[in-house]
Amino acid sequence: MDEPSASLTESEIEDLFRFIRELKKKGVGIVYISHRMDELKKISDRITVMRDGQYIGTVKTEDATMDQIIQMMVGRVIYEEPKTHSTVEQNAPIVLEVSNLTSAVVKTYPSI
């Protein structure tokens, strides 16, 4: 099944998952292609990642983390812990200061 839930409603997706679980109980193997990580965790035993037509790896769903699966998909770590505080020293010297800068494409943001 290639992205079968893409055009389904939530109740239709639950019906699909119920059908898939029934087939699993009967020993039927299913290839389910999806980019929706939450779906993979709900219905799969194993996740196989292919990227650019190449086999990357297979992991047991129960043992895999979302970060691990995403890293396999994109080939690098893309999520980092969000910053909770600035890493700049309190009394650090100013390295760039701008005054009266205006532009349609420059936006200002509050400091962290």
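Which helices and strands each supply at least two residues of the lining of the largest pocket? In this predicted model, they are the helices α1 (10-25), α2 (37-43) and α3 (66-74), together with the strand β1 (46-51). The points below take up the pocket and then α1, one of the elements that contribute to its lining.

**The largest pocket**

- The volume of the largest pocket comes to about 690 Å³, and of the 23 residues that line this pocket, those closest to its centre are Tyr32, Ile33, Arg46, Ile47 and Thr48.
- With 6 residues, β1 provides the largest share of the lining of the largest pocket, and β1 runs over residues 46-51.
- By residue class, the lining of the largest pocket consists of 14 nonpolar, 5 polar and 4 charged residues.

**Helix α1**

- The 16 residues of α1 should span 22 Å at 1.5 Å a residue, and because the C-alpha atoms at its ends lie 23 Å apart, the expected and the computed values agree.
- Ile13, Leu16, Phe17, Ile20 and Leu23 are the buried residues of α1; they cover an arc of only 120 degrees around the axis, which means that they are on the same side of α1.
- The cover over these buried residues of α1 includes α2, and both α1 and α2 also supply at least two residues each to the lining of the largest pocket.
- Just after α1, Gly27 adopts a positive phi of about 85 degrees.

Methods: Residues are numbered from 1 along each chain as its sequence is written. This is a predicted model: local features need pLDDT of at least 70, side-chain atom pairs count only at pLDDT 80 or more; totals for chains, interfaces and linings use all residues. Side-chain values use heavy atoms; hydrogens and water are left out. On a 1 Å grid over the protein atoms alone, a cavity is a set of points where a 1.4 Å probe fits but cannot get out, and a pocket is an open set with protein on both sides within 12 Å along at least five of seven lines; lining residues have an atom within 4 Å of a point. Grid points are joined across faces, edges and corners, and a volume is the space filled by probe spheres set on the points. Helices (H or I, at least four residues) and strands (E, at least two) are DSSP runs, numbered from the N terminus. Ala, Val, Leu, Ile, Met, Phe, Trp, Tyr, Cys and Pro count as nonpolar, Asp, Glu, Lys and Arg as charged, and the others, Gly among them, as polar. The expected span of a helix is 1.5 Å times one less than its number of residues. Buried means under 20% relative accessible area, exposed over 50%, partly exposed in between (1.4 Å probe, protein chains only). The arc is that of the directions from the helix axis to the C-beta atoms. Contact means heavy atoms within 4.5 Å.
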